[in-house]
Amino acid sequence: MIKRMLTDRFKWMLRDVPGFGVHGSQIRVIYQPSDFYQELINRSRESRKRIVLASLYLGTGEKEKKLVSCIQESLMINNKLRVGVLLDWCRGTRVTKNESSASLLANLARVSRDRCRIAMY
């Protein structure tokens, strides 16, 4: 009964929203922020076609700088790699110690202007 109710209630999503099927065995839950960060680093290094990040902000700490540096290295090594970053404008331009997420990413965009797109909403 409940399963049918949920199926009926969200049927519109199957019809109107793009998506892709994933088997539960292909999903791994990340519990710790440090594991999430390491996953970002590893996948940035391994990416061959594209890196896409969407967030409220990136930050300006050592970890964030390392992530941007890692993405920049990947862009330099692989000329087919494309990077897209989407951030919230208010949070992404918030300055802390003379830096913001936007200023950190500006350096990345300068290095690979034709393959790196930074957008703020």
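**A predicted protein chain: questions and answers**

Visitor: Is leucine 58 buried or exposed, and what is its relative accessible area?
Guide: In this predicted model, leucine 58 counts as buried. The term buried applies under 20% relative accessible area, exposed over 50%, and partly exposed in between, with a 1.4 Å probe and protein chains only. Leucine 58 falls in the buried class because its relative accessible area is 18%.

Visitor: Where does leucine 58 lie?
Guide: Local features of the model need pLDDT of at least 70, side-chain atom pairs count only at pLDDT 80 or more, and totals for chains, interfaces and linings use all residues. Residues are numbered from 1 along each chain as its sequence is written, and side-chain values use heavy atoms, leaving out hydrogens and water. Helices (H or I, at least four residues) and strands (E, at least two) are DSSP runs, numbered from the N terminus. On that basis, leucine 58 is in the loop between strand 1 and helix 4.

Visitor: Which residues does leucine 58 touch, beyond those up to four places away in sequence?
Guide: Contact means heavy atoms within 4.5 Å. Valine 68 is one of the residues touched; it lies ten residues from leucine 58 in sequence, and their C-alpha atoms are 9.5 Å apart. The full list is Glu64, Leu67, Val68, Leu87, Ser101, Leu104 and Leu105.

Visitor: Why do the buried residues of helix 4 line one face?
Guide: The buried residues of helix 4 are Leu67, Val68, Cys70, Ile71, Ser74 and Leu75. Seen down the helix axis, they line one face because they fall within a limited arc, taken from the directions between the axis and the C-beta atoms. An α-helix has 3.6 residues a turn, so residues three or four places apart point the same way. For the buried residues of helix 4, the arc is 155°.

Visitor: Which exposed residues does helix 4 carry on the face turned away from its buried side?
Guide: The buried side has a cover that includes helix 3 (33-46), strand 1 (50-55), strand 2 (82-87) and helix 6 (101-111). The face turned away from that side carries the exposed residues Glu62, Met76 and Ile77.

Visitor: What do the buried residues of helix 6 pack against?
Guide: In helix 6, Ser101, Leu104, Leu105, Leu108 and Ala109 are buried. They cover an arc of only 140° around the axis, which puts them on the same side of helix 6. These residues pack against helix 4, strand 2, helix 5 and strand 3 (116-120).

Visitor: Which side chains of strand 2 are buried?
Guide: In a regular strand the side chains alternate between the two faces of the sheet. Strand 2 shows this alternation: Arg82, Gly84 and Leu86 point to one face and are not buried. The side chains that point to the other face and are buried are Val83, Val85 and Leu87.

Visitor: Which residue of strand 2 is the bridge partner of isoleucine 51?
Guide: Two strands pair if DSSP finds at least two bridges between them. Strand 1 and strand 2 run parallel and are joined by six bridges. The partner of isoleucine 51 in strand 2 is valine 83.

Visitor: What is the radius of gyration of the protein chain?
Guide: The radius is taken over C-alpha atoms, and the globule rule is 2.2 Å times the number of residues to the power 0.38. A compact globule of 121 residues would have a value near 14 Å, but the protein chain has 18 Å.
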